[in-house]
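Reader: I would like to see the reasoning behind the labels. Please show me the structure, then take my questions in turn.

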Amino acid sequence: MKQFSELYRRLDSTTKTNEKIEAMVEYFSTAEPKDIAWAVHFLSGAKLRRQLPSRLLRAIAAEQAGIPDWLLDECYHVVGDLAETLSLAVPPGNSTSDQSLHWWVEERLKPIASMGEDEQIDAVKAIWSETPPGMRLVIMKLVTGAFRVGVSKRLVTRALAKHCNLSPDVIAHRLMGDWQPSESFYESLVHPDDGDTLISQPYPFCLAHPLDIDGDPADLGSVEEYAAEWKWDGIRGQVIRRQGETFIWSRGEDLMENRWPEIEDAAQTLPDGTVIDGEILASLQDGTVLPFGQLQRRIGRKTVGKKLLKEVPVIFHTFDLLELGGEDLRSQPLETRRKRLEELLDQIDHPHLRATEWIINKSWTQLASLRQTSRERHAEGLMLKRLNGVYDVGRVRGNWWKWKIEPYTVDAVLIYAQKGHGKRSGLFTDYTFAVWDNEKLVPFARAYSGLDDAEIRKVDRFIRQNTNDTFGPVRAVTPELVMELAFEGLQRSSRHKSGIATRFPRIVRWRHDKKPVDANTLSELLEMLPTD
């Protein structure tokens, strides 16, 4: 555990990519295989299930530190990270052993979740008594599910590839899907034979770069070099058919079992050794794509009743063929993959499996005009894909571009604020905004990004000087600041006071030229709601 804590310290103390990779390579070269498996698990973004309530952790910490609960809570609000607060407030312990990372996870941390409260308290106190602040910080980040250290899964992949002298693409593929940290997994991960493929394993997704809304797409080159597709607002996924079994994976590497029976039925018509990439959409039989809000009615449901199946049917809009007959096609040009996809789907007649519309032989001007019709189709814009491009791993610039339409924008009033986390834990950076409903301000969106550092400091100063009430870490402030917010879409929501929920809200600019009375109204937002 000391070794992993030192790796955390090195990764957290630099912003240089090469230094991060070198630190991971050194760790992989000296740690035991099972520890490496757990390290890769955590560094790639996976987390332990929360082992015990933060309320209980704070109470134990206040007792150990000899301070009242309210003071510990104030410290937490200032620091912004519970694990860091615990490592600073509780007196340091002694490192009595140098047990491995996997021992700490499997023998000390994971069992806490199944203990009674008294046993949990004893277990936490024992951990704190045995760990100095640096090690305790890492352990508590694992316990609280807040382990983040500024490395992406792609960076971990590059470090592993360098360590074992394999292609990053091979490592990326082996890290996809549902795997458990173990010595055998690590051995399969770094095995020199790169011809293996588990039957359920998806491929790393190819991602698109955003094209500046105000930019000129002609800067990308000749329009003849690209194919365009509608950018739908659905769930990106891969459908896999291997050895008579079907697997549907989301881009977030969630194996979606028994959630989309129509697509599972359609997948049975695919030949073995087939992997297709596409979008799960709510769509009527006439091809009309429904708003994302309709698809959300089915997201998260383990079982779908007949009524919902009828009201919100789904299809798999496929736009790429990654494997056919067990052959990996990703290195072939998009134009070739598309032709083989069309040939495959021509042999299949299933209403819940369709190819996306390919838009070619258009000028940039024609595509720009077509893009302006996106909202009426419930699309987000256009995708531009290079015809001779391969299917890359991750977001590689120059291959795929997403040319989204202009977002919705409104002017809103800041009414609540909360401190941020990490490097912004001492500043109020999380804001709640409201619009007018008659003569009352109604909250409708939260936003965390869009202001520069100087603006954040000015807003923070205003909040501290104009707080009218507090609700735990949240401050109610005098409604004076007006910001322009952008968001991708709206949908009705019974969970919000305003009756609506926004998708991906962010701050565009601080409207110094406007007063609160100039902010938009709820009725104006309701007019933006999509029609089903």
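Reader: Leaving aside its neighbours within four places in sequence, which residues is Leu175 in contact with?

Author: This is a predicted model. Leu175 is in contact with Val40, Lys153, Thr157, Leu160, Phe185, Leu189, Gln201 and Glu253. Leu175 is found in the loop between α11 (168–174) and α12 (183–189).

Reader: What makes Leu175 count as buried?

Author: Its relative accessible area is 0%. Buried means under 20%. Leu175 is therefore buried.

Reader: Why are α4 and α5 called roughly perpendicular?

Author: Helix α4 (residues 54–65) and helix α5 (residues 69–79) pack at about 115 degrees. The label covers 65 to 115 degrees. So α4 and α5 are roughly perpendicular to each other. Their axes are 9 Å apart.

Reader: Which residues make that contact, and how do they divide into nonpolar, polar and charged?

Author: From α4 come Arg58, Ala59, Ala61 and Ala62. From α5 come Asp69, Leu72, Asp73 and Tyr76. Five are nonpolar, none is polar and three are charged.

Reader: How do you know that β14 pairs with β13 and with β15?

Author: Pairing needs at least two bridges. Six bridges join strand β13 (residues 408–419) to β14. Seven join β14 to strand β15 (residues 440–447). Both counts therefore meet the cut-off. β13 and β14 run antiparallel, and β14 and β15 pair in the antiparallel sense. Trp436 has Leu441 in β15 as its bridge partner.

Reader: What makes strand β14 mostly covered?

Author: In β14 (residues 428–437), nine of the 10 residues are buried.

Note on methods
Residues numbered from 1 in each chain as written. Predicted model: local features only at pLDDT ≥ 70, side-chain atom pairs only at ≥ 80, totals over all residues. Heavy atoms only, no water. Axes fitted to C-alpha atoms, helices over the stretch in contact; angles between N-to-C directions. Helix = DSSP H or I, 4+ residues; strand = E, 2+ residues; numbered from the N terminus. Parallel < 35°, antiparallel > 145°, perpendicular 65-115°, else oblique. Contact = heavy atoms within 4.5 Å. Nonpolar A, V, L, I, M, F, W, Y, C, P; charged D, E, K, R; others polar. Buried < 20%, exposed > 50% of the residue type's maximum accessible area, 1.4 Å probe, protein only.
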